[in-house]
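Biologist: Hi! Could you walk me through the gaps and the helix packing in this one?

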Amino acid sequence: MNLQDVAFPVTEELKTFRQQYKKALKTENSLVDKVVRYILRQQGKQIRPLLVMLGAKVCGDVQEKSYRAGIMVELLHSATLIHDDVVDGAEMRRGLPSINALWKNKISVLIGDYMLSKGLLFSLDNKDYLFLHMVSDAVRRMSEGEILQIQKTRSLDITEADYLKVISDKTASLLSTSSAMGAASVTDDKEKIQALKDYGEYLGLAFQIRDDLLDYTGDSKKTGKQLGIDIRDKKITLPLIYALRNADRSEQKKIKSILKSSKKRAMRSREVVEFVKAKGGLEYAAEVAEGFASRSLAALEKIEDNDAKRSLCLLVDFVMKRQN
């Protein structure tokens, strides 16, 4: 199964979305236009607009308002990725040089701001005030999640509850917003909108845990990143949190001494990977991800069966089996 199978019920709608998204990014500023065209080359799986379209289709028919919702979430997502690359000092994004690697940090931050403001203005121009509220709340959550992660990583005292709060805010919030906005674009049924919101939230949690597992188990040729890169970047994720929690004090001290030193992280990340594997961190994280995947599917139980609902269920399966 691939993402095309998941997207089948909204294939034509996604084509229309991409045309409208490209049109929404048009600008007369030559430098902004150049960077924006490069951003379009970097586009990934576009899972968030897919969620908007499926969220709309599962509750009715995709409408012009649904396309506007898709454009808003993709503008926001692109803005946050650009800002994230600046914060992380990332040189690559989806196999291509990042915006900050090519145009430096000042331009990157301003382009991120530009994308965000385009999304907000787009909602105001079309009087989509509910969407504006939903997207603004997602931005707040994403920012708080990033700050909490930085705060906890510095002190190396991140708990499982902290980690789940971080990934809920950083990742799940926008997936949740996307599916809920899709539903809200075609129906006023609060129960259905909430069901799609819950679906996206649990899907996002499962998605991020699976993504974090790939740092330990993934094929670097498929994922586009080296094994153990999260450890070298001092990103403490669920497999490592569990392993540390189940280690004795001497083991904890040894691993934390590696994590505190950038030089040690660069040279001994493999040692941390093996420690996590030995302590059962991978199995535990996979089990937690499965739990969230099940909750995501359960959120759809009250939604009537149709092709879009089957695709939403397939998307959960796709997320749980993804290798990149």
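**Cavities, a pocket and helix pairs**

Modeller: Let's begin with the largest cavity, whose volume is about 110 Å³. This is a predicted model, where local features need pLDDT of at least 70 and side-chain atom pairs count only at pLDDT 80 or more, while totals for chains, interfaces and linings use all residues. Residues are numbered from 1 along each chain as its sequence is written, and side-chain values use heavy atoms, with hydrogens and water left out.

Biologist: What counts as a cavity for you?

Modeller: On a 1 Å grid over the protein atoms alone, it's a set of points where a 1.4 Å probe fits but cannot get out; lining residues have an atom within 4 Å of a point. Points are joined across faces, edges and corners, and the volume is the space filled by probe spheres set on them.

Biologist: How many cavities of 30 Å³ or more do you get?

Modeller: The count is two cavities of 30 Å³ or more.

Biologist: Which residues line the largest cavity?

Modeller: Its lining is made of I39, Q42, Q43, E74, S78, L81, I82, D85, R93, R94, S98 and I99. Helix α5 (residues 64–88) gives the largest share, with five residues. Helices here are DSSP runs of H or I with at least four residues, numbered from the N terminus.

Biologist: How do the residues of that lining divide by polarity?

Modeller: The lining of the largest cavity has four nonpolar, four polar and four charged residues. Ala, Val, Leu, Ile, Met, Phe, Trp, Tyr, Cys and Pro count as nonpolar, Asp, Glu, Lys and Arg as charged, and the others, Gly among them, as polar.

Biologist: And what lines the second largest cavity?

Modeller: That would be M72, L75, L76, M115, L116, G119, L120 and V135, around a volume of about 30 Å³. The elements giving two or more residues to this lining are α5 and α6 (99–125), and α6 has the largest share with four. Here the lining has seven nonpolar residues, one polar and no charged.

Biologist: New topic, pockets. What is the volume of the second largest one?

Modeller: The second largest pocket comes out at about 330 Å³. A pocket is an open set of points with protein on both sides within 12 Å along at least five of seven lines. The second largest pocket is lined by 17 residues, and L130, M134, A180, I193 and K197 are the closest to its centre.

Biologist: Which elements give two or more residues to that lining?

Modeller: They are α7 (129–155), α8 (160–184) and α9, and α7 gives the largest share, six residues. The lining of this pocket divides into six nonpolar, six polar and five charged residues.

Biologist: So how do α7 and α8 cross?

Modeller: Their axes come within 7 Å and cross at roughly 165°. The axes are lines fitted to C-alpha atoms over the stretch in contact, with angles from 0 to 180 degrees between N-to-C directions. That makes α7 roughly antiparallel to α8, a word used for angles over 145 degrees.

Biologist: What about α9 and α16?

Modeller: Helix α9 (residues 190–217) packs against helix α16 (residues 307–321) at about 15°, with the axes 9 Å apart. The two are therefore roughly parallel, the term for angles under 35 degrees.

Biologist: Which residues meet there?

Modeller: From α9 there are L196, Y199, L203, A206, F207 and R210, and they meet L312, L315, V316, V319 and M320 of α16. Contact means heavy atoms within 4.5 Å. The residues of this contact divide into ten nonpolar, no polar and one charged.

Methods:
Angles under 35 degrees count as roughly parallel, over 145 as roughly antiparallel, 65 to 115 as roughly perpendicular and the rest as oblique.
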